[in-house]
Amino acid sequence: MKSLFIEKEIKYIGSQLAPHWIYKNFHILGDAVVSFIGEMDVKITEMVDIEDVISDSPIYSKKMVSFIIEQFGISLSECVVRQRFLMCIIIEELRKIVGDKFKIRRSGDGVDKKLSVSIATQSITSCLIHTGLNIDPTGAPVDACGLTTDLGITDVETFAKNVMKRYIEEDTEISEATSKVRGV
């Protein structure tokens, strides 16, 4: 699995959660995770989460750090499990930075206090995850907190790179764990 932190700001509008978006735009073939910072403005027409569509809940944040993961050869169920361990990695990395100042917990596929949005889905060729963490939640349609505005995290790029590194380590360890055992 490969990773890339994209230096230029990208406005996440939902259409980036598509098969081969990483390959087409950044020439990374195969399993990959990328991260970038930018505004998030996902209209109902781009929503993947049908629950959000039914409840007419668009997503907006003035500034977010986004992670997009594309993996081939896994099921949607496995993708959802990976989405949840991504959230666990994010929480562990947040705790390293802020310590016990803030009680940060995972609730399903998100971080409490609406710090995050996250979705896992399946395309015709791969499984995809998008997770976004507010940096500055100004304009969010719900009460939300931000990495910088509420947690005081200013080096979001290093944080994002650490999360991607940990995700790749976990992915590698999963692959190794399935390769080293004898069937019974």
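**Exercise 1.** How far is the sulfur of Cys145 from the closest cysteine sulfur, and why is there no bond?

*Solution.* The model is predicted, with pLDDT of at least 70 needed for local features and 80 or more for side-chain atom pairs, while totals for chains, interfaces and linings use all residues. Residues are numbered from 1 along each chain as its sequence is written, and side-chain values use heavy atoms, leaving out hydrogens and water.

Step 1. A disulfide is a pair of cysteine sulfur atoms within 2.5 Å.
Step 2. The closest cysteine sulfur to that of Cys145 belongs to Cys88, 17 Å away, which is too far for a bond.
Step 3. The whole structure has zero disulfides. Cys79 is in none either, its nearest cysteine sulfur being that of Cys127 at 4.3 Å.

**Exercise 2.** Decide whether Cys79 and Cys145 are buried or exposed.

*Solution.* Step 1. Buried means under 20% relative accessible area, exposed over 50%, and partly exposed in between, with a 1.4 Å probe and protein chains only.
Step 2. Cys79 has 2% relative accessibility, so Cys79 is buried.
Step 3. Cys145 has 12%, so Cys145 is buried.

**Exercise 3.** Describe how helix H3 packs with helix H4.

*Solution.* Step 1. H3 spans residues 76-98 and H4 residues 156-179; their axes come within 10 Å and cross at roughly 135 degrees. Axes are lines fitted to C-alpha atoms over the stretch in contact, with angles from 0 to 180 degrees between N-to-C directions. Helices are DSSP runs (H or I, at least four residues), numbered from the N terminus.
Step 2. H3 is therefore oblique to H4, since angles under 35 degrees count as roughly parallel, over 145 as roughly antiparallel, 65 to 115 as roughly perpendicular and the rest as oblique.

How values were computed. Helix = DSSP H or I, 4+ residues; strand = E, 2+ residues; numbered from the N terminus.
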